Amino acid sequence: MPGMNVAPDGDGSRARGDCRACEEFRLAEAVARAEHDLSRVTDCRVLLRRHRSTAECAARGPA
């Protein structure tokens with residue numbers, strides 16, 4: 001049974017309550033991974049972590 005910080009689809013990498021920007025960074029990361037663009041994957045992860053450390057993020061916390 002998934003915990004409270006797991007998305008309804010069971011994916012533990014996405015917490016409930018992520019803000020729109022968090023989801024956009026994760027989507028961009030998935031697209032980059034599908035295109036085998038590892039540099040862009042890294043960029044998306046860095047941008048997500050930076051975003052989550054700001055007050056603009058509705059789901060602040062560790063990425």
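This report describes the helices, burial, salt bridges and cysteines of a predicted model.

## Overall composition

The protein chain contains 2 helices and 0 strands. Of its 63 residues, 24% are buried. The chain exposes about 4,600 Å², and carbon and sulfur atoms supply 55% of that area.

Among contacts in the protein chain with a separation of 6 or more, 29% join residues 24 or more positions apart.

## Helix 1

Helix 1 covers residues 20–34. Its 15 residues should span 21 Å at 1.5 Å a residue, and the end C-alpha atoms are 21 Å apart, so the expected and modelled spans agree.

The buried residues of helix 1 are Cys22, Arg26, Glu29 and Ala32. These residues lie on the same side of helix 1, because they cover an arc of only 120 degrees around the axis. Arg20, Leu27 and Ala34 are exposed on the other side of the helix. The buried residues of helix 1 pack against helix 2, which runs over residues 38–52.

## Helix 2

Helix 2 also has its length stated from C-alpha positions: 15 residues reach 21 Å from the first C-alpha to the last, close to the 21 Å expected at 1.5 Å a residue. Val41, Cys44, Leu48, His51 and Arg52 are its buried residues. Down the axis of helix 2 they fall within an arc of 95 degrees, and therefore line one face of the helix.

The face turned away from the buried side of helix 2 carries Arg49 and Arg50, which are exposed. The buried residues of helix 2 pack against helix 1, just as those of helix 1 pack against helix 2.

## The loop between the helices

Histidine 36 sits in the loop between helix 1 and helix 2, just after helix 1. Its phi is near 60 degrees, a positive value in a residue other than glycine. Most residues other than glycine have a negative phi. The relative accessible area of histidine 36 is 68%, so this residue counts as exposed.

## Salt bridges

The structure holds 4 salt bridges. Side chains of opposite charge can pair when their charged atoms come close. Three residues, Glu29, Arg33 and Arg45, are linked in a network of salt bridges.

Within this network, arginine 33 pairs with glutamate 29, and the closest N and O atoms are 2.6 Å apart. The two residues are 4 residues apart in helix 1, which means that about one helical turn separates them. Glutamate 29 is buried, at 10% relative accessibility, whereas arginine 33 is partly exposed, with a relative accessible area of 43%.

Arginine 45 also forms a salt bridge with glutamate 29, with the closest N and O atoms 2.9 Å apart. Arginine 45 lies in helix 2 and glutamate 29 in helix 1, so this pair ties together parts that are 16 residues apart in sequence. Arginine 45 is partly exposed, with a relative accessible area of 47%.

A further salt bridge joins arginine 40 to glutamate 35, where the closest N and O atoms are 2.7 Å apart. Arginine 40 is partly exposed, its relative accessible area being 31%.

## Cysteines

The model has 0 disulfides, where a disulfide requires a pair of cysteine sulfur atoms within 2.5 Å. Cysteine 19 is in no disulfide; the nearest cysteine sulfur is that of cysteine 22, at 3.5 Å. Because the cut-off is 2.5 Å, this pair is not counted as a disulfide.

Cysteine 19 is buried, with a relative accessible area of 10%. Cysteine 44 is buried as well, at 7% relative accessible area, and is one of the buried residues of helix 2. Cys22 is among the buried residues of helix 1.

Note on methods: Residues numbered from 1 in each chain as written. Predicted model: local features only at pLDDT ≥ 70, side-chain atom pairs only at ≥ 80, totals over all residues. Heavy atoms only, no water. Buried < 20%, exposed > 50% of the residue type's maximum accessible area, 1.4 Å probe, protein only. Expected span 1.5 Å × (residues − 1). Arc of directions from axis to C-beta. Contact = heavy atoms within 4.5 Å. Salt bridge = Lys/Arg side-chain N within 4 Å of Asp/Glu carboxyl O. Areas by Shrake-Rupley, 256 points an atom, 1.4 Å probe, with all protein chains shown as cover.
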